[in-house]
Amino acid sequence: MGNFITKYLLFCLICLVQQVGAQSLIKKIFTRAPYDTGYVDSYYDDYLHITLVSLKQTHQATVANSDNSRTYVYRPNSVFRFGMGVDYRFLSLEYSSQIDALNKSDLRKGFSELNSFRLGVTGRRILASVLLQDIKGMYLENVADFSSSWSSLTDFYPRRKDMHSVAYVGSMYYFFNHSRYSTMASLWQIDRQKKPAGSFLAGIAMSYHSLSGDTAVGPQATLANDSSAIIKDRVYQYGLNIGYAYNLVLHKRFFFNAMMVPGVNIQLGEETYTNGKKEKQRASAGIHGDFRFTAGYNGTRFYSGVMYTNNFLFSKIRSSVNIDFYHEYIRIFAGARFNIRKRK
């Protein structure tokens with residue numbers, strides 16, 4: 001675990017250095033941007049936010065081979081966690097844990113060890129985040145594609161105790177219409193969007209993904225002219241994102257937010273095969289994306305809703321083999337604001 005945290009902190013430092021860079025940009029990020037009070041009401045300065053949350057973070061690795069039309073979908077056995085968050089100004093704390101009485105693990109999916117850390121900066125101009133995730137133990141989700149007699153209600157899922165997935169994902173986006181569109185209203189309800197508004201955004205992303213096992217990650221994930229199967233795939237991506245985000249407000253209090261940020265990237269990687277052979281992947285173009293959707297109620301005192309995010313990477317490592325990664329996050333929340341200072 002200590003080695004995991006060390007890697008995480010090092011990755012955070014690399015992301016901050018590479019993504020922020022110039023001192024003038026750092027100063028701009030931490031300088032509070034003005035906003036249009038006709039469109040946004042801010043509770044940043046004077047209110048303490050206390051939020052009850054239910055969270056589920058999961059992951060999907062898909063191994064597909066077009067030569068034999070075989071696709072393998074692997075997931076960890078993850079469940080909803082329950083906890084509480086406290087937000088005041090720049091201080092944001094949130095803790096959650098698994099409660100078996102509310103959501104118990106499905107024993108038919110085996111055991112997964114999932115370690116994950118998130119670090120984020122949410123401002124008016126900038127949205128930056130870093131994710132470090134380490135998963136050991138996954139199950140095959142699409143069993144019905146291989147066995148017509150298998151039942152999702154009673155039968156056990158095929159489990160891969162040896163399967164290991166690691167991901168380091170960092171991104172930073174700049175919002176061009178930050179005075180009228182509030183990303184803090186859509187994500188954390190520190191603001192309240194009073195009128196509908198949207199914003200184009202652009203940014204950069206970088207990531208490292210790996211998928212490995214003691215045996216082939218997909219029994220048919222082979223080269224067209226080689227009988228050796230892939231037991232480990234590593235891919236690095238460096239990309240640019242351009243997208244759009246919009247806050248729709250209904251009846252002054254109900255809202256729906258959509259943020260869609262597709263991107264293009266350059267990918268480098270390496271595969272290891274069961275025969276011990278290692279082969280580096282040539283630099284190639286790829287696509288990735290960051291999609292976020294939030295719907296809920298955001299009043300002057302109370303707020304609630306549900307948020308879904310999906311960060312994905314499509315990796316074509318060979319002409320016939322793809323290994324794609326999806327990071328999904330669901331957050332159900334309900335909270336209240338407490339006025340602890342007189343508003344200016």
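In this predicted model, a hairpin of 3 residues connects β13 to β14. The two strands, residues 278-298 for β13 and residues 302-314 for β14, run antiparallel and are joined by 12 bridges. Within this pairing, F293 finds its bridge partner in Y308 of β14. On to the next strand: β14 also runs antiparallel to β15 (residues 321-339), and again 12 bridges hold the pairing. Here V306 stands opposite I332 of β15. An aromatic cluster made of F291, F312, F314 and Y326 is also found in the model.

Stepping back to the whole chain, the secondary structure comprises 15 strands and 3 helices. Of the 344 residues, 49% are buried. Contacts reach far along the sequence: among those between residues at least 6 apart, 72% join residues at least 24 apart. The chain exposes about 17,300 Å², with 60% of this supplied by carbon and sulfur atoms.

Part of the surface is a nonpolar patch, formed by F176, F200, Y244, Y246, L248, L250, F254, F256, Y297 and F302, which together have about 980 Å² of accessible area. Strands β11 (230-250) and β12 (254-273) each contribute at least two residues to the nonpolar patch, and β11 gives the largest share, with 4 residues. A patch member worth a visit in the structure is F176, which sits in the loop between β8 (159-175) and α3 (183-187). With a relative accessible area of 54%, F176 counts as exposed, because the cut-off for that class is over 50%.

Aromatic rings also pair with one another, and the count comes to 14 aromatic pairs. In one of them, the ring centres of Y208 and Y236 are 4.9 Å apart and the planes meet at 45 degrees, so the pair is classed as tilted. This pair links distant parts of the chain, as Y208 belongs to strand β10 (residues 197-212) and Y236 to strand β11, 28 residues apart. How far is each ring's residue covered? Y208 is buried, at a relative accessible area of 14%, whereas Y236 is partly exposed, at 32% relative accessibility.

Two buried residues illustrate how positions separated in sequence come together in the fold. S186, located in helix α3, is buried, with a relative accessible area of 1%. Leaving aside residues up to four places away in sequence, S186 touches Y181, N247, F255, N257 and T294. The C-alpha atoms of S186 and R292 are 9.7 Å apart, although 106 residues separate the two along the chain. The second example, D46, is found in the loop between β1 (40-42) and β2 (47-65). D46 is buried too, with a relative accessible area of 7%, and its C-alpha atom is separated by 8.1 Å from that of R89, 43 residues apart along the chain.

Charged side chains add another set of links. Side chains of opposite charge can pair when their charged atoms come close. The structure holds 11 salt bridges, and one of them brings together the side chains of D36 and R180, at 3.3 Å from N to O. D36 lies in the loop between α2 (23-30) and β1, while R180 lies in the loop between β8 and α3, so this salt bridge ties together parts that are 144 residues apart in sequence. Both partners count as partly exposed, D36 at 25% relative accessibility and R180 at 35%.

A further salt bridge joins the side chains of R108 and D106, with a distance of 3.1 Å from N to O. In this pair, R108 counts as buried at 15% relative accessibility, whereas D106 counts as partly exposed at 26%.

D191 and R124 also form a salt bridge, their closest N and O atoms being 2.6 Å apart. This pair spans distant parts of the chain, with D191 in strand β9 (residues 191-193) and R124 in the loop between β6 (113-122) and β7 (126-140), 67 residues apart. Both D191 and R124 are buried. Elsewhere, R75, E141 and E328 are joined into one network by salt bridges that share partners.

Key
Residues numbered from 1 in each chain as written. Predicted model: local features only at pLDDT ≥ 70, side-chain atom pairs only at ≥ 80, totals over all residues. Heavy atoms only, no water. Pairing = 2+ DSSP bridges. Patch = residues over 30% accessible without salt bridge, like charges linked within 9 Å, V, L, I, M, F, W, Y side chains within 5 Å. Areas by Shrake-Rupley, 256 points an atom, 1.4 Å probe, with all protein chains shown as cover. Salt bridge = Lys/Arg side-chain N within 4 Å of Asp/Glu carboxyl O. Buried < 20%, exposed > 50% of the residue type's maximum accessible area, 1.4 Å probe, protein only. Contact = heavy atoms within 4.5 Å. Phe/Tyr/Trp six-rings, centres within 6.5 Å; stacked < 30°, edge-to-face > 60°.
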